[in-house]
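Work through the exercises below with the sequence and the coordinates open. Each task is followed by a solution in steps.

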Amino acid sequence: MQPRLSPNSNSASTPKTNKTIKESGELVDTPEIISLFGNNNIASTTKKELLNNSNTLSSPATTSISPNPYHHHSNNLNNKFNFMEIESASTSQTSSPEFLLQTRFEQERKELFEIYSSLDFQKKGTITIGDLEYGLQYNHGLDRIYSPELKSLLSDIYNTINENSLSTITNNSSSINNHPHLVNDYKNCKIDFDLFCSIMQDETNIISRAFLGKLAIPNWRDFCKIVEEIFEEVRSNQSGDVASYIPELAEVDPNLYGLSITTVDGQRFSIGDADHDFTIQSCAKPFSYCIACEDLGYEKVYEHVGFEPSGVSFNAFTLDDRNKPHNPMINSGAITVCSLVKPKEMLSKRFTYVSNFFSKSAGGAKIGFHNATFLSEKLTGDRNYALTYYMQENGVFPGGIKVEESLDLYFQVCSIQVNCSTLASMAATFANGGVCPLTNSKVFSSPNVKYALQLMLSSGMYDWSGEWACTVGLPAKSGVSGALAVVIPSVLGLCIFSPRLDKRGNSVRGVEFSVKASRRFKWSIFDRLVQDIPEEKEEELAEEAATPISIVSNINTNSNNINASTDISGLDIHIQQQEQLGEDIDINSKTLEQKRKRESLLKINTKKLKE
């Protein structure tokens, strides 16, 4: 990642004076003059040209154009920060490009200062890197520990300010952790307003995107508050039972309840028992499928596992019309997928290969293994053994596969231990097209992720997948441990953990939370395609549509060329017909809203005529 700030520039050095600026004639798009909306339209205007038009500005006594406009020793920045005040001027003066540019600059600099002041939590007149970090974490869910972009940028800021005193420290902020005696220096390092402006000048860096509301979740605190409200509302649901067919899962505390969210920008939120470890179970299936596709290509995997929902239980003895498992989200398909992962390697290496992929997709998080669950599944896995031999009899597996080892790998992968934070980060990697948002490293190719998400939407919730698609409308995968991983493409991944299951094997609380949250936030991918019309608007349209429909239906019904671009506008047609009915229509007395409604109705009615 390229540094955003030049290590040779020191914000603590004395800034250029107004005189120097006038003589230098530098371009406006420099750290001293910032545009929140880009520099394309003002790139050719120089400070010299701008300041030469001083007749449109206030007198020097009330004017401040220093790039460092606040006083470090003031306890009240707003009183000390004096922006240039615009005096009344003639129309020709106020409409000049220079005047408009200066006005825009002042407004944007004022907005930046409001952001800067909001980070001065202790009202000391300046902010520190610690203040900036806290503001980003508290208001936007960003932590440099989990965001490589933020870590790099904060390190650049630190090194820019302390270039001479930290010559041995590299640009990677992780090096700060290797020098504990410098941590306080790092946290307390002051960022003046000029340096803050230079950071905000690049609207693509993560700090600018956060403060300008351009992250995946812009209003982070409000969002988290609503999520917490829904979470607590669902807590009272005590229905369902823990999985009893696997002895280890039967002993899990049924009241455990946690949730974690990770966005594609690295924003993170957790609540409840989010750090409690649990076995991943069937939530591993879409990730195992992607690993097989990465190794072989999805076409090769498709030769052995299909794409269709099975319509039956996840452990049913059924194959599709090609004599293959219906999809990789049910047991037969997942066992087949495991048989395709490094089949010639030792079983231990195959498991390590899979767990390493899981760790990468979780940003390098530790991936555990619960041996007791693995042994418990082997001991009670008669149905999975029978299913495996049934598939072997039907020629599902490639030649030379040791089916017992493949089934062992399946049991091992189901026994991988994660928590809500880990699984939410894995889901966020899917949401980010295969790139882990916590490391910016590519884990899976985007086409393979696309196939996995499609399968999660159609088959990820066992034989309740169809209803899930209609009520929640998001790719998801549940597991009998009580975990539920949900993906909102290009936005976030989330994990809900609650061991109480419904009769289909899905987490009761997980499903209820997802339904409520999807409705509240309009998360469904179908909400993005079809916009709801408010009931009041529907009533208005229905009321006004009655007359126009009958009118338009009488217009040249023999013509097949009625369209919105006809010579007589929809509004004119409506007026002419109303005049024939004896109504006195005065177009000038109608509001603009009424015009728009009529034109909209004509388009609707024209479409109906075509149909």
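**Exercise 1. Strand pairing**

Task: In this predicted model, find how many bridges join β6 to β7 and which way the two strands run.

Solution. Step 1: β7 covers residues 416–418, and two bridges join this strand to β6. Step 2: the two strands run antiparallel. Step 3: one residue pair can be named, since Gly368 has Gln417 in β7 as its bridge partner. Step 4: the sheet is open and has three strands, in the order β5-β7-β6, with antiparallel pairing. Step 5: β5 (278–279) and β6 (368–369) are the edge strands, each pairing on one side only.

**Exercise 2. Cysteines**

Task: Determine how many disulfides a search of the whole structure finds, and examine Cys290 and Cys338.

Solution. Step 1: the search of the whole structure returns zero disulfides. Step 2: for Cys290, the nearest cysteine sulfur belongs to Cys293 and is 6.1 Å away. A disulfide requires sulfur atoms within 2.5 Å, so this pair does not qualify. Step 3: for Cys338, the closest cysteine sulfur is in Cys414, at 7.3 Å, which is too far for a bond. Step 4: Cys290 counts as buried because its relative accessibility is 0%. Cys338, at 5% relative accessibility, also counts as buried.

**Exercise 3. Helix α21**

Task: Check the length of α21 against its expected span, then state how many of its residues are buried.

Solution. Step 1: α21 runs over residues 420–431, which is 12 residues. Step 2: at 1.5 Å a residue, the helix should span 16 Å. Step 3: the end C-alpha atoms are 16 Å apart, so the expected span agrees with the model. Step 4: 12 of the 12 residues are buried, therefore the helix is largely enclosed by the rest of the structure. Among them are Cys420, Leu423, Met426 and Phe430. Step 5: at the N-terminal end, Asn419 acts as the cap, with a side-chain oxygen 3.1 Å from the backbone nitrogen of Ser421. Step 6: after the helix comes Gly433, with a positive phi near 75°.

**Exercise 4. The whole protein**

Task: State what percentage of the residues in the protein is buried, and what percentage of the contacts joins residues at least 24 apart.

Solution. Step 1: the protein has 611 residues, and 50% of them are buried. Step 2: taking contacts between residues at least 6 apart in sequence, 69% join residues at least 24 apart. Step 3: the exposed area is about 29100 Å², of which carbon and sulfur atoms supply 48%. Step 4: the secondary structure comprises 28 helices and 10 strands.

Terms used: Residues numbered from 1 in each chain as written. Predicted model: local features only at pLDDT ≥ 70, side-chain atom pairs only at ≥ 80, totals over all residues. Heavy atoms only, no water. Helix = DSSP H or I, 4+ residues; strand = E, 2+ residues; numbered from the N terminus. Buried < 20%, exposed > 50% of the residue type's maximum accessible area, 1.4 Å probe, protein only. Contact = heavy atoms within 4.5 Å. Areas by Shrake-Rupley, 256 points an atom, 1.4 Å probe, with all protein chains shown as cover. Expected span 1.5 Å × (residues − 1). Polar contact = N/O pair within 3.5 Å; in protein donor to acceptor, adjacent residues only side chain to side chain.
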